[in-house]
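Let's take a friendly walk through a protein model, one region at a time. Please keep the sequence and the 3D view open as you read.

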Amino acid sequence: METFPVVDMEMLNTEKRAAIMEKIKDACENWGFFEVVNHGISHELMDIVEKLTKEYYNNCMEKGFKQMVASKGLEDVEVENNDLDWESSFNLKHLPVSNISDVPDLQDDYRKVMKEFANKLEKLAEQLLDLLCENLGLEKGYLKNAFYGTKGPTFGTKVANYPPCPKPELIKGLRAHTDAGGIILLFQDDKVSGLQLLKDGQWVDVPPMPHSIVVNIGDQLEVITNGKYKSVDHRVIAQTDGNRMSIASFYNPGSDAIIFPAPQLIEKAEKLEKDKFLKYPKFMFEDYMKLYASLKFQAKEPRFEAMKAAEFIC
């Protein structure tokens with residue numbers, strides 16, 4: 001069985017660079033996911049983020065989650081529930097405008113740490129996008145510019161906890177879906193597992209590793225690469241014991257960014273498959289997100305088809 005791709009980013013500065021770039025390329029083409037280590041974000045910062053995130057859940061969110069579970073009778077379900085997720089979460093916005101100072105109940109030290117962590121992740125996301133550009137044969141900065149719109153990219157974080165679930169076979173931690181946006185960077189619990197991706201028709205565990213960042217491809221990168229890189233279905237399986245922390249940061253296009261396959265990749269594809277080289281539509285990211293909001297847990301292909309039917313004309 002193939003091993004989940006883990007990329008040591010320090011190796012990019014050595015004679016092993018070509019092999020590491022090939023590993024990233026293979027991961028983007030065949031997995032839609034990979035994990036990075038030695039990514040430049042200090043272990044100390046990640047440890048503080050984890051500690052304060054878990055404290056915040058225990059102090060401010062656990063009670064509300066238990067009340068929700070009790071009010072919906074979820075501990076006593078007898079059949080599979082596909083209408084909700086066994087998760088407790090909140091969202092932070094970083095770009096174009098931060099809302100960290102507006103989120104209630106966050107301690108000042110937690111706000112400060114999450115701001116610093118977001119700044120580091122933003123830089124890492126842009127570094128990774130340039131590595132993808134290099135592998136795709138696009139000029140440096142192409143993907144960042146494609147995401148830019150008039151106000152720059154959209155960047156935000158979903159902070160989630162997946163508490164112990166008495167019936168994980170009946171309620172998913174998070175139902176299967178692809179991510180709508182660009183590139184996603186996940187700091188996940190290194191002790192409690194649960195994240196899985198769909199590969200070749202099989203669900204594969206994404207291994208928890210201390211101080212790693214899990215990277216995955218969103219729908220917009222699939223469009224821009226004309227399907228060379230694909231977003232992949234993934235889900236969270238709730239566990240009967242252990243509370244899984246998940247901090248997923250989404251580096252997405254700006255709301256008014258116009259998304260379309262990169263012309264350079266179309267030209268290359270045209271030579272290979274003349275009749276079907278343009279596989280994806282042109283649209284405004286905001287319009288895609290409106291559609292995604294109601295269709296998140298359904299297949300992505302009808303979303304692309306719907307955007308094609310209402311193709312944006314510049």
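A search of the whole structure finds 0 disulfides, where a disulfide means a pair of cysteine sulfur atoms within 2.5 Å. C133 is in no disulfide, and the nearest cysteine sulfur, that of C28, is 11 Å away. This is a predicted model, in which local features need pLDDT of at least 70 and side-chain atom pairs count only at pLDDT 80 or more, while totals for chains, interfaces and linings use all residues. Residues are numbered from 1 along each chain as its sequence is written, and side-chain values use heavy atoms, leaving out hydrogens and water.

How accessible are some of the residues in this report? The table lists relative accessible areas; buried means under 20%, exposed over 50%, and partly exposed in between (1.4 Å probe, protein chains only).

| Residue | Relative accessible area | Class and citation |
|---|---|---|
| C133 | 1% | buried |
| C165 | 1% | buried |
| H39 | 8% | buried |
| Q196 | 13% | buried |

**Strand β9 and its partners**

Helices (H or I, at least four residues) and strands (E, at least two) are DSSP runs, numbered from the N terminus. Is strand β9, residues 213-217, mostly covered or mostly open? It is mostly covered, with 5 of its 5 residues buried. In a regular strand the side chains alternate between the two faces of the sheet. Here, I213, V215 and I217 point one way from β9, V214 and N216 point the other way, and all are buried.

Two strands pair if DSSP finds at least two bridges between them. Strand β2 (residues 33-37) pairs with β9 in the antiparallel sense over 4 bridges, and E35 stands opposite V214. Strand β6 (residues 183-188) also runs antiparallel to β9, joined by 4 bridges, with L186 opposite V214.

**Around H39**

H39 sits in the loop between β2 and α2 (43-71). A polar atom of its side chain lies 2.7 Å from the backbone oxygen of H211. Contact means heavy atoms within 4.5 Å. Leaving aside neighbours within four places in sequence, H39 is in contact with M9, M46, L124, H211, S212 and I213.

**The nonpolar cores**

A nonpolar core is a set of buried Ala, Val, Leu, Ile, Met, Phe, Trp, Tyr and Cys residues joined through side-chain atoms within 4.5 Å. Which residues of the largest core touch the most other members? Of its 79 residues, they are F117, L128 and I213. Helix α3 (residues 108-136) gives the largest share of this core, 14 residues. A second, separate core of 16 residues includes L174, L195, V204 and A248.

**An open sheet, and Q196 within it**

Strands of a sheet pair through backbone hydrogen bonds, either parallel or antiparallel. In this model, 4 strands form an open sheet in the order β5-β10-β7-β8, with antiparallel pairing. The edge strands, β5 (174-177) and β8 (202-205), each pair on one side only.

Strands β7 (residues 195-199) and β10 (residues 234-236) pair over 3 bridges in the antiparallel sense. Q196 lies in β7 and stands opposite R235 in β10. The side chains of Q196 and R235 are joined by a polar contact of 2.8 Å. A polar contact is a pair of N or O atoms within 3.5 Å; within protein, one must be able to donate a hydrogen and the other to accept it, and residues adjacent in sequence count only if both atoms are side-chain atoms.
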